[in-house]
Amino acid sequence: MNKKYFFLSLLMLCVCSILAQEKKAGPIIADYGKVWQIQNQDYKIEKDAQLKVVFDIMNSPEDTSALNRSIETAARFLNMHAQSGVSKENMKVALVVHNKASKDIITNKAYKKRYGVDNPNAEMVQQLMDAGVEFLFCGQSSLSRGFPIEETISGVQLSLSAMTALIQLQNNGYRLIKF
């Protein structure tokens, strides 16, 4: 009977320790990009290596009040690596935005006029840009989807096309991540 309670207690302790772990944001993007801390990694991080990444952001939730989790991936990338000891200076991040995601980088004013709600991504986009993340907006999507550069959040850069931006960034050593 004692053994049974011992193993049951041990099992509960293990379950509680797993459940006690929480995802957390920061230190680079304070309000977005929560990640799990991974202990005892077999594949170690090269903390001094430069990580240059470009995210291809083309999809967006149908719900206009929902956060674009694809954009938040950049916040997760920054936070998880910073939490693991990679310096902010060793991370270069760019997002190439096009197609359905075009709406996610417009100002609150323009978004509210079109969809009746504030842009749920505006604060996150601003925090990412404040951290040095580049947002490159496809000029073809700008015109075909009716989102002029003047309606985008300040700091968004207009490119000829998403294809051009993706090629040039990869030619400059950025690695493509597409979810």
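Accessible area here is what the Shrake-Rupley method gives with a 1.4 Å probe. By that yardstick, the chain in this predicted model exposes about 10800 Å², and carbon and sulfur atoms supply 55% of that area. What about the residues tucked away from the surface? Of the 179 residues in the chain, 39% are buried.

Now follow the chain from its start. You'll pass six helices and five strands, arranged along the sequence as α-β-α-β-α-α-β-α-β-α-β. Contacts often reach far along the chain, too: take those between residues at least 6 apart in sequence, and 71% of them join residues at least 24 apart.

So much for the tour along the sequence; next comes the sheet. Strands in a sheet pair through backbone hydrogen bonds, in either a parallel or an antiparallel way. In this chain the pairing is parallel, and the five strands make an open sheet in the order β4-β3-β2-β1-β5. At its edges sit β4 (157-159) and β5 (175-177), each of which pairs on one side only. Neighbouring strands of the sheet are turned by 30° against each other on average, ignoring direction.

Let's zoom in on one pair. Strand β1, residues 51-57, joins β5 in the parallel sense over three bridges. Within this stretch, Val 54 stands opposite Leu 176 of β5.

Finally, look at helix α6, residues 162-171. This helix lies across β1, β2 (91-97), β3 (134-138), β4 and β5. Compared with β2, helix α6 runs at about 160°.

Methods:
Residues are numbered from 1 along each chain as its sequence is written. This is a predicted model: local features need pLDDT of at least 70, side-chain atom pairs count only at pLDDT 80 or more; totals for chains, interfaces and linings use all residues. Side-chain values use heavy atoms; hydrogens and water are left out. Helices (H or I, at least four residues) and strands (E, at least two) are DSSP runs, numbered from the N terminus. Buried means under 20% relative accessible area, exposed over 50%, partly exposed in between (1.4 Å probe, protein chains only). Contact means heavy atoms within 4.5 Å. Two strands pair if DSSP finds at least two bridges between them. Axes are lines fitted to C-alpha atoms, for helices over the stretch in contact, and angles run from 0 to 180 degrees between N-to-C directions.
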